[in-house]
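Reader: I would like to learn to read this model feature by feature. Where do we start?

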Amino acid sequence: MSHFTSRVFCAFLAAAVFVTAAPAGGSSAAGAAPTSLVSSFSPQVPSSSLETSQPGATVAPASDNPNDILWLPDSNVTPEAIRGSLGANVIGPQNVPMDLQNADILAPPTTDSGTVGNAKWPFSLSHNRLQTGGWARQQNVAVLPMATEMAGVNMRLEAGSIRELHWHKTAEWAFVLQGSVQISVVNADGQNFLSTVNTSDVWYFPAGVPHSLQATADNPQGAEFLLVFDDGSFSEDSTFLLTDWLAHVPKEVIAKNFQSQISAFSKIPGQELYIFPGTPPADDAVAPTSPQGTAPLPYSFAFSQVPVTPLSGGSVRIVDSSTFKIATTIAAAEVVVQPGGIREMHWHPTQDEWSYFIEGTGRVTLFAASSSSRTFNFQPGDVGYVPASFGHFVENTGTTPLRFLEIFKSDKFQDVSLQQWLALTPPQLVKAHLQLDDETIANLNKTKQTAVGPVSS
């Protein structure tokens, strides 16, 4: 060995010894690289010692600093960008109502870190298309770029008003928020279907199947409903409308198509109707008799009649193709979380989640891997979005039940529970990772909890 090589090797060995002697848990950018060197020169440690080693030997324990929500939308405070000793007050212009609604954006939990895209869109910020007889506003990738798999429309029809005959390139799933809606459908085989869909019930139209919607007079104010489409770039303005098509076809062709005189079509609209007033349908309305018969699978489903599964922190009910056979691209769960409870920590293996908040207030933290997480606050009428495999929870931050929909581009509802995963993993592995005591590990629940109540004092 040359003199120069010997000196380099000695310096190298000295650095390794220095790092080995450094206090446990110490970390710095400069110290990170030599750590791997330590394992090269350290003696072998018996496996029994590894099983009882503390995480503090390599990293510091997670902080116990409180990270509760600091205020609620109706709090009588001036929101400030301060959490504990961090931050400072706002001395420039401030949108106080917006900051009151988004406490964890202005003063995020100290556990938030890294970069996570925006996962919230209030329908209140969507452009509203006002028509005689109703309105519609939408959310898609233009306003929520993260939401690539699904898009939504919030629509209102006065009693009797009609969302005109139309079809889409995407499938349409709907949840009735208030009132009731009569749907009419004709499939490619010439089979038809007519049904009234009531509050908290759902419908589904496969891509390309023509249909129409009309609010009944069961509620004197008509109906309001949520539409979800299985394509994040969907636009309600790109729908295939009956009146729009005929307004752009020569009347000679229309007359020839229907084997009639041109005069029969003298009053067809010169442009699309989209939403327009009408006479409420009769309660006993039936579809015209079709020589091809009625559709073999119903396009509506009485979701409101599905028994809820009671949970320690709320309830849940699920609708997917196992019960609503025709809904092959959309699955959903209606979740209720009681005050002080959470929708347990979980993720969805391969499906993005499109959420809609109906009642109450809550917050959601998305874990995007690579030490990245971000917390969002939600109120009624807000849309949330969680990419596939992102770990998350939904916490009720208010004093009333939190009710929301979890919707997926899938034929089946699926989720993975963090607690169930740990409970069904060998205990020594869980202890090696998290340093939980035996009692805590023994109490981990081996069945999904979905909605968990507050910890008993």
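**Reading the features**

Author: Start with contacts, meaning heavy atoms within 4.5 Å. Of the contacts in this protein between residues at least 6 apart in sequence, 75% join residues at least 24 apart. The model is predicted: local features need pLDDT of at least 70, side-chain atom pairs count only at pLDDT 80 or more, and totals for chains, interfaces and linings use all residues. Residues are numbered from 1 along each chain as its sequence is written, and side-chain values use heavy atoms, with hydrogens and water left out.

Reader: How many helices and strands does the protein have?

Author: Eleven helices and 28 strands. Both are DSSP runs numbered from the N terminus: helices are H or I with at least four residues, strands are E with at least two.

Reader: What share of the residues counts as buried?

Author: Buried means under 20% relative accessible area, exposed over 50%, partly exposed in between (1.4 Å probe, protein chains only). Of 457 residues, 42% are buried. The protein exposes about 24100 Å², and carbon and sulfur atoms supply 58% of that area. These areas come from the Shrake-Rupley method with a 1.4 Å probe; for residues, only the protein chains shown count as cover.

Reader: In what order do the seven strands of the open sheet run?

Author: First the rule: two strands pair if DSSP finds at least two bridges between them. The order here is β4-β5-β6-β13-β8-β11-β16, with antiparallel pairing. At the edges sit β4 (128-131) and β16 (300-301), each paired on one side only. Follow β16 inward: two bridges join it to β11 (residues 202-205). There, W203 is the bridge partner of S300.

Reader: Is strand β18 mostly covered or mostly open?

Author: Mostly covered: five of the six residues of β18 (residues 314-319) are buried. Look at both neighbours. With β17 (residues 309-311), β18 pairs in the antiparallel sense over three bridges. The two make a hairpin with two residues between them, and L311 stands opposite G314. On to β19 (residues 331-337): six bridges join it to β18, again antiparallel. V316 has V335 as its bridge partner.

Reader: How many aromatic pairs does the structure hold?

Author: Rings of Phe, Tyr and Trp (its six-membered ring) pair if their centres lie within 6.5 Å; planes under 30 degrees apart are stacked, over 60 edge-to-face, the rest tilted. The structure holds 14 such pairs. One of them, W167 with W245, is edge-to-face, at 5.9 Å centre to centre and 75° between the planes. It links distant parts of the chain, since W167 lies in strand β7 (residues 162-167) and W245 in helix α7 (residues 242-246), 78 residues apart. W167 is partly exposed at 25%, and W245 is exposed at 53%. Elsewhere, ring pairs link F193, W203, F205, F225 and Y299 into a cluster.

Reader: How many salt bridges are there?

Author: Side chains of opposite charge can pair when their charged atoms come close. The rule is a side-chain nitrogen of Lys or Arg within 4 Å of a carboxyl oxygen of Asp or Glu. The count is 15. R83 and D104 meet at 3.5 Å, N to O. R83 is in strand β1 (residues 81-83) and D104 in helix α6 (residues 103-106), so the pair ties together parts 21 residues apart in sequence. Both residues are buried.

Reader: How far apart are the closest N and O atoms of E236 and R163?

Author: They are 2.7 Å apart. E236 sits in the loop between β13 (223-229) and β14 (240-241), R163 in β7, 73 residues away in sequence. E236 is buried at 4%, R163 at 1%. A further bridge joins K431 and D438 at 2.5 Å, N to O. Here K431 is partly exposed at 26%, and D438 is exposed at 53%. Bridges that share partners also join R83, D104, R363 and E395 into one network.

Reader: Which side chain of opposite charge is nearest to D99?

Author: K120, 10 Å away; D99 is buried yet has no salt bridge. Charge here means Lys and Arg positive, Asp and Glu negative, with His and the chain ends not counted. D99 lies in helix α5 (residues 96-101). Beyond its neighbours within four places in sequence, D99 contacts W71, P79, Q94 and L106.

Reader: What is the phi of S370?

Author: Most residues other than glycine have a negative phi. S370 has a positive value near 55°. It is in the loop between β22 (362-367) and β23 (373-378), and exposed at 69%. Q435 also has a positive phi of about 55°. Its place is the loop between α10 (427-434) and α11 (438-442). Q435 is partly exposed, at 23%.
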